[in-house]
Amino acid sequence: LTSLGEKFGASENPEIAAEVKEIVESGKKRLALIGQPLPLAGVTLDGQPFDVSTLKGKIVLVDFWATWCGPCLEEIPNIKQVYEQYHAKGFEVVGYNIDDERATVEQFFTNQKLPWQTVMSADPDKVGFDSPLAQFCGVKSIPFLVLLDGEGKVIALHTRGERLGEKIA
């Protein structure tokens with residue numbers, strides 16, 4: 001990341017330099033997550049504060065997703081399969097939705113059911129990629145998956161596809 005920032009951050013094109021700076025800063029945020037507690041907070045779809053204490057002692061996958069994200073929707077069957085296989089053994093999933101409108105998410109759930117909780121930003125003025133948790137994690141693209149240990153600390157990033165099942169096993 002540092003060499004990327006040095007090489008392209010000095011671009012004479014101010015737009016490129018600004019974009020590279022943002023990419024490098026976000027990448028550093030993501031890398032700094034490993035081994036640290038994730039401040040998972042927000043509200044559930046019914047508007048209630050999310051109770052993170054219910055996850056203590058469990059391995060948790062936090063799935064940053066949105067209804068408009070094709071790759072996010074394509075990953076759901078894989079997450080469901082791993083969830084069904086390991087849920088009874090202490091595996092949980094929390095979907096952290098970054099849609100801009102709650103109504104869009106509510107409409108999505110009229111047709112699609114997920115067996116895990118969905119959480120959104122508690123601040124209606126800070127949603128999507130501007131939500132506090134997305135900002136904290138440096139999320140600039142989705143799906144972005146974060147795996148937490150029983151203490152709520154980040155143990156892996158980008159655990160998608162076969163890697164998710166392997167990591168949980």
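**Close-ups of helix H4 and the aromatic pairs**

**View 1. Two exposed residues of H4.** Ala103 and Asn111 are exposed on the other side of H4, away from its buried residues. The model shown here is predicted.

**View 2. The buried side of H4.** Val105, Phe108 and Phe109 are the buried residues to find in H4. They span an arc of only 95° around the axis, so they sit on the same side of H4. What do the buried residues of H4 pack against? Their partners are E2, H3, strand E3 (91–97) and E4.

**View 3. A tilted aromatic pair.** A pair of aromatic rings is described by the distance of the centres and the angle of the planes. The rule for ring pairs gives a count of seven aromatic pairs. One of them joins Phe64 and Phe144: the centres are 5.6 Å apart, the planes meet at 55°, and the pair is tilted. Phe64 belongs to strand E2 (residues 59–65) and Phe144 to strand E5 (residues 144–148), so this pair ties together parts 80 residues apart in sequence. Are Phe64 and Phe144 buried or exposed? Both are buried.

**View 4. An edge-to-face pair.** Tyr83 and Trp116 have ring centres 5.5 Å apart and planes at 65°, so this pair is edge-to-face. Tyr83 lies in helix H3 (residues 70–86), while Trp116 lies in the loop between helix H4 (102–111) and strand E4 (117–120), so the pair ties together parts 33 residues apart in sequence. Tyr83 and Trp116 are both buried.

**View 5. A ring cluster.** Which residues do ring pairs link into a cluster? They are Phe64, Tyr96 and Phe144.

Technical notes. Residues numbered from 1 in each chain as written. Predicted model: local features only at pLDDT ≥ 70, side-chain atom pairs only at ≥ 80, totals over all residues. Heavy atoms only, no water. Phe/Tyr/Trp six-rings, centres within 6.5 Å; stacked < 30°, edge-to-face > 60°. Helix = DSSP H or I, 4+ residues; strand = E, 2+ residues; numbered from the N terminus. Buried < 20%, exposed > 50% of the residue type's maximum accessible area, 1.4 Å probe, protein only. Arc of directions from axis to C-beta. Contact = heavy atoms within 4.5 Å.
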